[in-house]
Amino acid sequence: MRITTDQIQTQNDKTLPQHRESFDHLRLILERKNIDSQQVIDKIKNFQVAIPSWALGTGGTRFARFAGGGEPRSLKEKIDDVGMLHALNGGSGAISLHIPWDIPSDVDAVKSHAAALGLAFDAVNSNTFQDQENQGHSYKFGSLCHTDSRARRQAIDHNLEVIHYGKELGSKSLTVWLADGSSFPGQMNFRKALQRTFDALKEIYQGMPEDWKMFVEYKPYEPYFYHTVIQDWGTSHLLASQLGERAFTLVDLGHHLPNTNIEQIVATLMMQGKLGGFHFNDSKYGDDDLTVGALKPYQLFLIFNELVEGMEDPSSPNPTPAWMIDASHNLKDPLEDLLQSVEAIQLAYAQALIIDRIKLEEARETNDPAWAQEILQEAYRTDLRPLIAEARLQAGAAIKPFGAYRSLKVRDQLIKERGLKTMATGL
Ligand code: RM4
Ligand code: MN
Ligand code: MN
């Protein structure tokens, strides 16, 4: 299924007068603050968040998976779904593949299909956290950290194969997330496990083309419950620094213990030029569990405050990070959830862009925490939704993506086309 520009236009016609009114009003408010709305809009239009190929089906927990209808049955259908998101919001112009869940068998067809929908291929992701059929060595006790060199070899080769697929598709980066760790005290030698991981990553790093980047993800727990080999940003940063200048840390919002100051981690990594990738989600207890911005939109705003500070600083050594949504959708329609996520991300970004940074620095230099809070919240509490809608309108997308999705009855159509009992590969 495809959403046409005519369909978008018809949807937009319904809300255009109302949109014009709210946007004109907002533009005046921003003008009074000396903010050029168009500049902010242009940045929002350029900001593309990749959709992971595994987020298009309904997720589950270890207890159950309640599949929704019309899930994509193939990589082609996954690309179709991302294409629809992009048509609706103009901000999801990339897809991130997980191998072996989504092996592109006919590379040319996959590439041209994505290109026709305006989609690029973002980072490719390896998977050494599950055993595949006919796999010689199990990852039950780890992959790159495994005590058995044959299991490590297999995991290294898998990553090299992922790079190979990525090269064919035009990806420029590899994301490595390792489940590796242990569930019981004493089970694993921490030092040896980290050393083996480093040695293996080195080989993978050397197998990357010259213009590729490697993103090393960290996570403090799960699936193992006592220790993970790359538990935190410090460990990831240590590995990335030793691997070389094309290795970076990847921050996934769901990979922190409660109350961790993620915005500070962002600032530190950007200062070092080592923040390479970013995975968005929201969480109360665990990983990947909630829609971006569903629970802690203010934290997301504070994180974007640091991201914008780094991105807008011309002397910053940090490259523009690769953005991706990494969430599991257990109850909601995944496409609706993703539309909400992208909107929350764009909103937090726009809010951070309108912070009065000169005044904020003055407040900091004069040690005035109350004023600093006023400045931040002034930006956070300005309703920028009409500005995001305007960015979409200018990009040829829907003024109200969620409303358009529902009124076009996309899910019903997908169920008709694909059936009620389909199951996408992924988690
Ligand atoms: C992990 C991690 C990775 C993602 C997998 C599916 O928790 O966040 O980025 O590839 O989940
Ligand atoms: Mn992640
Ligand atoms: Mn995760």
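Student: Which residues does His146 touch, not counting residues up to four places away in sequence?
Tutor: Those are Ser138, Phe141, Ala151, Arg152 and Arg196. Keep in mind that this is a predicted model. As for its place, His146 is in the loop between strand 4 (124-125) and helix 5 (149-169).

Student: Why is His146 called buried?
Tutor: Its relative accessible area is 10%, and buried means under 20%. The value falls under that cut-off, so His146 counts as buried.

Student: Let's go to the metal site. What makes the arrangement around the manganese ion (ligand 2) octahedral?
Tutor: Six donor atoms surround this ion, with angles of 71 to 167 degrees. For six donors, the rule asks for opposite donors over 155 degrees apart and all others between 65 and 115. The arrangement is therefore classed as octahedral. As a yardstick, ideal angles for six octahedral donors are 90 or 180 degrees.

Student: How do you know that Glu217, Asp252, His279 and Asp326 are donors of the manganese ion (ligand 2)?
Tutor: Check the distances: Glu217 (OE), Asp252 (OD), His279 (ND1) and Asp326 (OD) lie 2.1 to 2.3 Å from the ion, and the cut-off for a donor here is 2.8 Å. Along the chain, their spacing reads E-x34-D-x26-H-x46-D.

Student: Why does the pair Glu217 and Asp252 tie together separate parts of the sequence?
Tutor: Glu217 belongs to strand 7 (residues 213-217) and Asp252 to strand 9 (residues 247-252), so the pair links parts 35 residues apart in sequence. Both Glu217 and Asp252 are buried.

Student: And how far apart are the manganese ion (ligand 2) and the manganese ion (ligand 3)?
Tutor: They are 3.6 Å apart.

Student: What makes Arg246 count as lying over the face of Tyr205?
Tutor: Arg246 is 5.1 Å from the ring centre, and the distance limit is 6 Å, with a further condition of being within 35 degrees of the ring normal. Lys274 does likewise over the ring of Phe248, with its charged end 5.2 Å from the centre.

Student: Which residues touch the most other members of the largest nonpolar core?
Tutor: Out of 111 residues in that core, they are Leu174, Met214, Phe278, Phe280, Phe304 and Leu387. Helix 10 (residues 334-353) gives the largest share, twelve residues. Beyond four places in sequence, the contacts of Leu174 include Val124, Ile163, Trp212 and Met214.

Student: Which residues form an aromatic cluster with Phe278, Phe280 and Phe304?
Tutor: Phe47, Trp323 and Tyr349 join them in one cluster. By the ring-centre rule, there are 17 aromatic pairs.

How values were computed: Residues are numbered from 1 along each chain as its sequence is written. Chains are lettered from A and ligands numbered from 1 in the order in which they are written. This is a predicted model: local features need pLDDT of at least 70, side-chain atom pairs count only at pLDDT 80 or more; totals for chains, interfaces and linings use all residues. Side-chain values use heavy atoms; hydrogens and water are left out. A nonpolar core is a set of buried Ala, Val, Leu, Ile, Met, Phe, Trp, Tyr and Cys residues joined through side-chain atoms within 4.5 Å. Buried means under 20% relative accessible area, exposed over 50%, partly exposed in between (1.4 Å probe, protein chains only). Helices (H or I, at least four residues) and strands (E, at least two) are DSSP runs, numbered from the N terminus. Contact means heavy atoms within 4.5 Å. Rings of Phe, Tyr and Trp (its six-membered ring) pair if their centres lie within 6.5 Å; planes under 30 degrees apart count as stacked, over 60 as edge-to-face and the rest as tilted. Donors are N, O and S atoms within 2.8 Å of the metal (3.2 Å for Na, K and Ca); water is not among the atoms, so sites may look incomplete. Four donors count as tetrahedral if all angles lie between 85 and 135 degrees; four count as square planar and six as octahedral if opposite donors are over 155 degrees apart and all others between 65 and 115; anything else is irregular.
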